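Work through these short exercises with the sequence and the model at hand. Try each task before you read its solution.

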Amino acid sequence: MSHPQSSLNQTSQATPVQNKTQKTGKSLPLGLIIKLGKFVWSKMWHVMMSQLAPRNKSGEYIRPQSQFRNFVSSAENSQYPPEASRYRLYVGLGCPWAHRTLVTLALKGLETAISVSIVSPSAAGIWVLNEEEEGCRTVPEIYNLAQYNLTKSKYQGRCTVPILWDTQTQTIVNNESAEIIVILNSQFNQFAKNFALDLYPDELRESIDKWNEKIYHAVNNGVYRCGFAQTQSAYEQACNDLFTTLDEVDTALATSRYLCGDKLTLADVRLFTTLFRFDIVYYGLFKCNRRRIQDYQNLGAYLRDLYQLPGVADTCDLESVKRDYYGNLFPLNPGGIIPLGPDISYLLKPHARDN
């Protein structure tokens with residue numbers, strides 16, 4: 001084995017031409033290349049994330065407010081009265097907010113009264129229609145058409161789903177999922193197969209609203225606060241809030257079949273669509289990996305219970321969920337590789353609990 005000094009002496013004996021070639025052909029040190037690459041990617045990542053997910057100064061994800069907030073009502077002179085075959089839902093099968101409306105539609109038995117149009121995410125970052133409707137091929141075109149028909153101006157906001165669309169006036173009635181499911185629960189009972197089912201009864205509204213408020217911030221939006229966090233502190237705060245609330249829900253479900261007792265409500269619907277996606281995408285892709293939902297004794301059984309309600313499983317599209325998250329959230333999964341799992345057959349297992 002040669003001594004380091006011997007190697008150094010051999011190098012120093014090279015000809016001037018060889019030394020010049022070595023100097024001009026020398027590549028950057030590997031460590032410097034890695035540092036430069038990380039710096040450039042970090043800057044690009046923050047730019048892409050700022051477009052994907054608005055943030056505050058602390059790096060916390062801030063969800064923008066929905067802008068169309070009208071209601072279907074049977075009140076006299078209502079601009080949007082309840083009518084069969086008049087309204088349409090635009091939904092993305094991977095979207096948990098849109099999924100809420102499909103679950104409510106199925107539970108109420110409103111499939112023949114309200115039509116559904118499926119939209120899909122595109123590489124351009126927008127939702128596209130599977131076929132042309134209302135002269136539109138994309139969801140932004142739907143929004144522009146609605147805004148023009150209302151104000152003769154161009155729409156400037158975010159183009160999200162779900163959308164409750166009025167085919168008669170060619171406008172968006174509402175694009176806030178929490179309000180759309182309230183509308184579906186109460187305003188179309190004359191056309192509903194399960195008209196007696198009330199998912200938002202007066203006597204439970206205070207309890208429902210309390211759970212909805214807590215679960216929205218910490219769980220429904222909390223998983224996005226984890227996945228879209230742009231600082232370590234913002235992520236840790238969101239993750240702690242998320243699992244503190246999941247633990248609280250799991251404890252409550254130890255003595256109750258549903259969130260508000262033995263009666264299924266909109267609070268359960270709103271929580272279900274997040275729980276269904278949790279082990280599939282949020283656990284890994286969004287770094288919500290402290291614990292899986294199926295590992296909770298009560299939450300796991302609760303998820304299986306809801307999944308097995310009549311019509312609910314038909315609204316759950318595992319492949320669309322994986323494709324929409326892993327295939328389209330480029331800053332979180334640059335390679336676009338979609339995992340083969342997980343196996344969700346456990347959702348069909350018995351779920352009986354001692355309540």
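**Exercise 1. The cavity**

Task: Find how many cavities of 30 Å³ or more a search of the whole structure gives, and work out what lines the largest cavity.

Solution. Keep in mind that this is a predicted model.
- Step 1: The search of the whole structure returns 1 cavity of 30 Å³ or more.
- Step 2: Its space comes to about 30 Å³.
- Step 3: List the lining. Val-103, Leu-107, Leu-264, Asp-268, Val-269, Phe-272, Leu-306, Leu-309 and Val-312 line the largest cavity.
- Step 4: Sort these residues by type. The lining has 8 nonpolar residues, no polar ones and 1 charged one. Asp counts as charged, so Asp-268 is the charged residue in this lining.
- Step 5: Look for the helices involved. α4 (96-108) and α10 (266-282) each supply at least two lining residues. The most comes from α10, with 3 residues.

**Exercise 2. The chain as a whole**

Task: Describe the chain by its helices and strands, its buried share, its contacts and its exposed area.

Solution.
- Step 1: Count the elements. There are 12 helices and 6 strands in the chain.
- Step 2: Turn to burial. Of the 355 residues, 47% count as buried.
- Step 3: Take the contacts with a separation of 6 or more. Residues 24 or more positions apart account for 70% of them.
- Step 4: Finish with the surface. The chain exposes about 18,300 Å², and carbon and sulfur atoms supply 52% of that area.

**Exercise 3. Backbone exceptions**

Task: Start from a general rule. Most residues other than glycine have a negative phi, and most peptide bonds are trans. Which peptide bonds are cis, and where do their prolines lie? Which residues have a positive phi?

Solution.
- Step 1: Go to Val-161 and Pro-162. The peptide bond between them is cis, with omega near 10 degrees. Pro-162 sits in the loop between α5 (139-151) and β5 (163-166).
- Step 2: Go to Gly-341 and Pro-342. A cis peptide bond joins them too, and omega is about 5 degrees. Pro-342 belongs to the segment after α12 (318-328).
- Step 3: Now check phi. Ser-85 has a positive value, near 70 degrees. Ser-85 is found in the loop between α3 (30-52) and β1 (87-92). The relative accessibility of Ser-85 is 58%, so Ser-85 counts as exposed.
- Step 4: Glu-134 also has a positive phi, near 55 degrees. Glu-134 lies in the loop between β3 (127-133) and β4 (136-138). The relative accessibility of Glu-134 is 24%, so Glu-134 counts as partly exposed.

**Exercise 4. Strand β5 and its partners**

Task: Decide which residues point each way from β5, and whether they are buried or exposed. Then find the strands that pair with β5.

Solution.
- Step 1: Split the residues by direction. Ile-163 and Trp-165 point one way, while Leu-164 and Asp-166 point the other way. All of them are buried.
- Step 2: Pair β5 with β1. The two run antiparallel and are joined by 4 bridges. Leu-89 has Leu-164 of β5 as its bridge partner.
- Step 3: Pair β5 with β6 (residues 171-174). This pair is antiparallel as well, over 3 bridges. Trp-165 has Ile-172 of β6 as its bridge partner.
- Step 4: Examine the turn. β5 and β6 form a hairpin with 4 residues between them. In that turn, Gln-170 has a positive phi of about 55 degrees.

Definitions and conventions. Residues are numbered from 1 along each chain as its sequence is written. This is a predicted model: local features need pLDDT of at least 70, side-chain atom pairs count only at pLDDT 80 or more; totals for chains, interfaces and linings use all residues. Side-chain values use heavy atoms; hydrogens and water are left out. On a 1 Å grid over the protein atoms alone, a cavity is a set of points where a 1.4 Å probe fits but cannot get out, and a pocket is an open set with protein on both sides within 12 Å along at least five of seven lines; lining residues have an atom within 4 Å of a point. Grid points are joined across faces, edges and corners, and a volume is the space filled by probe spheres set on the points. Buried means under 20% relative accessible area, exposed over 50%, partly exposed in between (1.4 Å probe, protein chains only). Contact means heavy atoms within 4.5 Å. Accessible areas come from the Shrake-Rupley method with a 1.4 Å probe; for residues, only the protein chains shown count as cover. Two strands pair if DSSP finds at least two bridges between them.
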